[in-house]
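Please open the structure in a viewer and keep the selection panel at hand. The tour below proceeds from one selection to the next and describes what is found at each stop.

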Amino acid sequence: MVANGNPADASGGARAVARCDLLGVPPFSDMEGGLYRGYLSPAYWAAQDQLAQWFEQAGMAVRRDEAANLVGRYEGAKPGAKALIIGSHLDSVRDGGFYDGPLGIMLGVECVAALDKAGTRLPFAIEIYAFGDEEGSRFPAAMLTSRAVAGTLQSDELAIADADGIMLADAGVDPAHYMDAGRSADEIIAYLEAHIEQGPVLEAEGLALGTVTGIAAQLRYRVSVSGMAGHAGTTAMRLRRDALAGAAAMVLAAEQVARDDNSDLVATVGMLDVRPGAPNVIPGAVTFTIDIRSGDKTRRDRAADAILARLAEIAAVRELGLESTLVHDLPPSPCDPALMELMDAALEGAGQPVRRLVSGAGHDAMNMAAICPTAMLFIRCRNGISHNPAEHVEPADAEAALSVMLGFIQRLGESVAD
Ligand code: HGY
Ligand code: MN
Ligand code: MN
C-alpha cells in the first residue's frame with residue numbers, strides 16, 4: 001500500500017494522472033518492466049485495495065459487487081436517490097499504458113472529492129465503477145463486468161478458463177451469483193466515462209478534449225486452422241498441409257478485405273498461437289483471433305462475411321481444417337443526444353472548443369447503454385498511442401477534463417432539478 005495513497009499530494013487532474021502512474025508498477029502490475037493487470041489477478045486485487053482507500057478518502061461508501069467490480073457511492077441530497085454512474089476499467093492489456101481505463105476512474109474520484117470538499121449534495125447520487133474486465137486480456141471474453149452490471153451477459157459465458165487453465169469460478173468470483181451485480185434502469189440517471197482518445201484526432205487539431213458521439217460496432221472471432229504436423233527436413237513442399245502458412249495467408253486476406261473497403265472499417269489479428277511450436281516441425285495447428293470494427297454495423301457484418309469466405313477458400317485450396325467461432329458481437333453504441341449537448345455546454349463553459357468524434361475503441365459505456373443514457377469525454381493522448389507503454393496524457397489535459405466533468409455534473413443537476 002502506498003503511504004497515504006496520495007502521490008504528489010496534488011489534487012484534481014494532476015493527482016488523477018499521478019495515481020494512474022502509481023498503479024502502473026508492481027504490486028499493481030503482474031509483469032516486471034511494464035503494466036499487465038489481468039482481471040482477478042494478484043495485481044488486480046492489490047490495485048482495488050489501493051483504489052478503495054482513495055474512494056473512501058473522497059467521501060464515498062465502498063463495496064465490491066458480485067462481479068468483483070469496485071463501486072463507490074457518494075449520496076445525493078436525499079439518501080437512496082438515483083445515481084449518475086461514472087466509470088471505466090481497472091484491468092489492462094498486456095504491456096499496456098497506464099491511463100487506458102484508470103484515468104476515467106481517477107477523474108471520477110476527483111469529481112467526488114471536489115464535491116465532498118465543497119459540501120455539495122446533488123439531486124442524484126454519484127457512483128464510481130472501477131470495472132474489472134473490459135480488455136478481455138486474461139479470460140477469452142471481453143467486457144464481462146460491465147455486461148454483468150448491464151444485464152446483457154449470459155451465465156454460460158462464465159464457463160471460461162485463462163491460458164493457465166484457471167477457471168473464472170476459481171479466480172475469486174462465484175458464477176452462481178455473478179449476475180447479482182446487475183443494476184436496474186430505474187436506479188440510474190446516466191453513465192459518464194472519461195477516457196483517453198487512443199487516436200490522433202484531438203492532438204492533430206490542437207484540442208485537449210472532445211465529446212464522443214458513439215462507439216463503433218465490434219465482432220471478435222477465434223479461428224482454428226488444422227493441418228498436418230510433420231518433419232521439416234523430410235516432408236516435400238507439395239505434400240505439406242502447413243497450418244501456419246495457411247493461417248498467414250488468412251491473416252493477409254483479412255487485412256486486404258479491410259484495406260479494400262477504404263472506410264472506417266478495421267480488421268486486426270492480435271493473437272496467434274502455433275502448435276506444436278518447434279523449429280523442425282511443420283505446424284499442425286494454429287489458433288488466431290480476428291477483431292472487426294466499424295461505426296456502421298452493416299459494413300462491419302458485410303466485411304466479416306467477406307473475410308470468413310476468404311478463410312474458407314484458402315482452407316479448401318490448402319486442404320486445411322477451419323473452425324471460426326464468434327467470441328463477441330458488440331453493436332454500435334450511440335451516446336445520448338441530450339447528454340452530448342450537456343457535454344458540449346460544459347466544454348464551452350470551461351473555455352474549451354467543442355469537437356465531436358466517434359470512438360473506434362470499445363468502452364464499458366457501450367454496455368451501460370443497455371440500461372441508461374451514456375456520455376463520454378475524450379482526452380488527448382500523445383501521438384494517439386495506446387495499448388502501448390508509450391501511452392501518455394498531460395496533467396493539464398486531465399485537469400481540463402475534470403473541470404468539464406464537474407460542469408457536466410452541474411448541468412445534469414440543473415436539468416434534473418428543472
Ligand atoms: O478493444 C478495445 O477497443 C478496448 O480497448 N478494449
Ligand atoms: Mn479502455
Ligand atoms: Mn483498451
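A residue is called buried when its relative accessible area is under 20%, exposed when that value is over 50%, and partly exposed in between. The model on display is predicted.

**First stop: the manganese ion (ligand 2)**

Select H195, which has a relative accessible area of 1% and is therefore buried, the cut-off being under 20%. Next, add the manganese ion (ligand 2), to which H195 contributes its NE2 atom. The other donors shown around this ion are H89, through NE2, and D100, through OD, and the coordination distances run from 2.0 to 2.3 Å. Along the sequence, these donor residues follow the spacing H-x10-D-x94-H. D100 is located in the loop between strand 3 (83-89) and helix 3 (102-118), whereas H195 belongs to strand 5 (residues 188-196), so this pair ties together parts that are 95 residues apart in sequence. D100 is also buried, with a relative accessible area of 5%.

**Second stop: the manganese ion (ligand 3)**

Keep D100 selected and display the manganese ion (ligand 3). D100 bridges the manganese ion (ligand 2) and the manganese ion (ligand 3), and the two ions lie 3.5 Å apart. Which residues coordinate the manganese ion (ligand 3)? They are D100 (OD), E135 (OE) and H387 (NE2), at 2.1 Å. The spacing of these donors along the chain is D-x34-E-x251-H. E135 sits in the loop between strand 4 (125-131) and helix 4 (144-150), and H387 in the loop between strand 16 and helix 10 (395-417), so the pair ties together parts that are 252 residues apart in sequence. Are E135 and H387 buried or partly exposed? E135 is buried, with a relative accessible area of 12%, whereas H387 is partly exposed, at 43%.

**Third stop: the largest pocket**

E135 leads on to the next selection. The largest pocket holds about 1,400 Å³ of space. Of the 50 residues that line this pocket, E135, G136, R220, M271 and D291 are the closest to its centre. Colour the lining by residue class: 19 of its residues are nonpolar, 17 are polar and 14 are charged.

Colouring by domain is also instructive. Domain 1 (12-215 + 332-417) and domain 2 (218-330) each provide at least three residues of the lining. Among the strands, strand 12 (285-294) gives the largest share of the lining, seven residues. Strand 7 (217-226), strand 9 (266-268), strand 10 (272-275) and strand 15 (356-359) each supply at least two lining residues.

**Fourth stop: strand 6 and its partners**

Strand 15 pairs with the next element to select, strand 6, in the parallel sense over three bridges. Within this pairing, T211 stands opposite R356 of strand 15. Strand 6 (residues 209-215) has six of its seven residues buried, so the rest of the structure largely encloses it.

Now add strand 16 (residues 374-379), which runs antiparallel to strand 6 and is joined to it by three bridges. Here L209 stands opposite I379. Finally, select strand 14 (residues 333-334), which is also antiparallel to strand 6, with two bridges between them. The bridge partner of I215 in strand 14 is S333.

Notes: Residues numbered from 1 in each chain as written. Chains lettered and ligands numbered in written order. Predicted model: local features only at pLDDT ≥ 70, side-chain atom pairs only at ≥ 80, totals over all residues. Heavy atoms only, no water. 1 Å grid on protein atoms, 1.4 Å probe; cavity = no way out; pocket = protein on both sides within 12 Å on 5 of 7 lines; lining within 4 Å. Points joined across faces, edges and corners; volume = space filled by probe spheres on them. Helix = DSSP H or I, 4+ residues; strand = E, 2+ residues; numbered from the N terminus. Nonpolar A, V, L, I, M, F, W, Y, C, P; charged D, E, K, R; others polar. Domains from an automatic or database assignment. Buried < 20%, exposed > 50% of the residue type's maximum accessible area, 1.4 Å probe, protein only. Pairing = 2+ DSSP bridges. Donors = N, O, S within 2.8 Å, 3.2 Å for Na, K, Ca; no water.
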